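Trainee: Hi, do you have a minute to go through this one with me? I'd like to start with the helices.
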Amino acid sequence: MKTSLVTGATGQDGSYLIEKLLSEGRRVCAMTRRSSTFNMARLSGLKEGVQNNGAELIYCQGDLTDQSSLEEILGKYEPDEVYNLAAQSDVHASFGVPEFTADVDALGTLRLLEGIRRLGLEKTTRFYQASTSELFGAVREKPQRETTPFAPRSPYAVAKLYAYWTTVNYREGYGIFACNGILFNHESPRRGKNFVTRKITYGAARIRVGLQDVLRLGNIDSRRDWGHAEDYVEGMFLMLQHETPDDYVLATGEQHSVREFLEIVFSRLDYELVWRGSGVEEKGIDRKSGKTLVEIDERFFRPNEVNYLCGDSSKARSVLKWTPKHSFASLVEDMVRHDLEVAAFEKKNGMVVEV
Ligand code: NAP
Ligand code: F7E
């Protein structure tokens, strides 16, 4: 039975990937970090032990900032695959904690790869690095593909650039089967509420049920290529099953602004947003009731913004036969439906749901 180690198990992608790997009959070591709180809500349905299909789930504790914890896990389980999904993944937050972000996202990747090398696992352990479309930053080409030059615009993106090149170097220098998945934004009902799509679907649903008055956002004119996380973990899996290691873009090729996302979500909830004012004074108002539903809040602006991202994933589609199943419409529907249920539950029970 193959063993897969997943770092970042408690995150959005970690939870979907673990489900996928268990469905493939793997022994899965889900790495969570030891901290003062346990953030296990996304994994609540996944119990440790042998599953019906013979797959096995094991939780292990490690931290990307702690080499010894990583080497202990690598040495103990000698995984056939490592999916490095752990990161300080919030771009806005990275401006406030740049050094911490570099420690986790850049050096953390180096620590894992060094661990594989030092333990002599170079020929047996395949490695997936969660690289990102944020590497393209101030985009030099439209759409962005594997050969597009990088131009990172945040401490997060700069840290991920280091991790990207470290992954390439360990592949070329030590012969490790190591791949970068350069993934464009992918969302789901399990997305953290600090990211814009979920902030919008969750906030709008709370407005609909009367738990919140207004949604406060930053730059609503930035544009993103948003896919569904379920499709993107399939792509990660395919990269490590291929016969040769390489780097791949995963993207939908379709792009929307945050403003469009807002209009679609609110219209699904029977509001009709009209825009009045400009700059930080701009407001999104419901045409029927005249109520202000969206306001601009400078606190959510970033010192550097990535205004435009749209990916070309033809390489992954032709080489890996990666075929996303979700459309943009089905992604929005999935998130809104889920958050309407969450908001109704919160209203009924007077509590806030964690995920
Ligand atoms: P996420 O929901 O923010 O999850 C991040 C995970 O990393 C959490 O499990 C977190 O654990 C863990 N983590 C943070 N610091 C750690 C540390 N020092 N040691 C060990 N674990 C640590 O992120 P995601 O959306 O699933 O994304 C997965 C990966 O893909 C990330 O590397 C992200 O940067 C990258 N990525 C994401 C996207 C996207 O659109 N989602 C696109 C491209 C690339 P706690 O629960 O304990 O905080
Ligand atoms: O922002 C704008 C914001 O935080 C998207 C991470 O998973 O994807 C993610 O990074 C856009 C930006 O995602 C708010 O300024 C406006 O232009 O949802 P986001 P991100 O920065 O693209 C990449 C691929 C990753 O790798 C990252 O790990 O939306 N925006 N108003 C806002 N964003 C947030 N978060 N909150 C607002 O109020």
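Mentor: Sure! This is a predicted model. Start with α4 and α5, which are roughly parallel to each other, because angles under 35 degrees count as roughly parallel and these two pack at about 10°.

Trainee: Nice. How far apart are the axes of α4 and α5?
Mentor: Their axes lie 8 Å apart. For orientation, α4 covers residues 98–118 and α5 covers residues 155–174.

Trainee: And which residues meet there, between α4 and α5?
Mentor: On the α4 side they include Leu107, Leu110 and Leu113. Among the α5 residues they meet are Tyr156, Tyr162, Tyr170 and Tyr174.

Trainee: How does that contact divide into nonpolar, polar and charged residues?
Mentor: There are 13 nonpolar, four polar and four charged residues in the contact of α4 with α5.

Trainee: OK, switching to strands. In what order do the four strands of the open sheet come?
Mentor: The order is β9-β16-β15-β14, with mixed pairing. β9 (215–217) and β14 (273–276) are the edge strands, each pairing on one side only. On average, neighbouring strands of this sheet are turned by 20° against each other, direction ignored.

Trainee: In what sense do β9 and β16 pair, parallel or antiparallel?
Mentor: Parallel, over three bridges, with β16 spanning residues 292–296. One bridge to look up joins Arg216 to its partner Glu295 in β16.

Trainee: Which helices pack on the sheet?
Mentor: Helix α6 (residues 196–208) does, touching β9 and β16, and its direction makes about 160° with that of β9. Helix α8 (residues 258–268) packs on the sheet too, touching β9, β14 and β16. The direction of α8 makes about 140° with that of β14.

Notes
Residues numbered from 1 in each chain as written. Chains lettered and ligands numbered in written order. Predicted model: local features only at pLDDT ≥ 70, side-chain atom pairs only at ≥ 80, totals over all residues. Heavy atoms only, no water. Pairing = 2+ DSSP bridges. Axes fitted to C-alpha atoms, helices over the stretch in contact; angles between N-to-C directions. Contact = heavy atoms within 4.5 Å. Parallel < 35°, antiparallel > 145°, perpendicular 65-115°, else oblique. Nonpolar A, V, L, I, M, F, W, Y, C, P; charged D, E, K, R; others polar.
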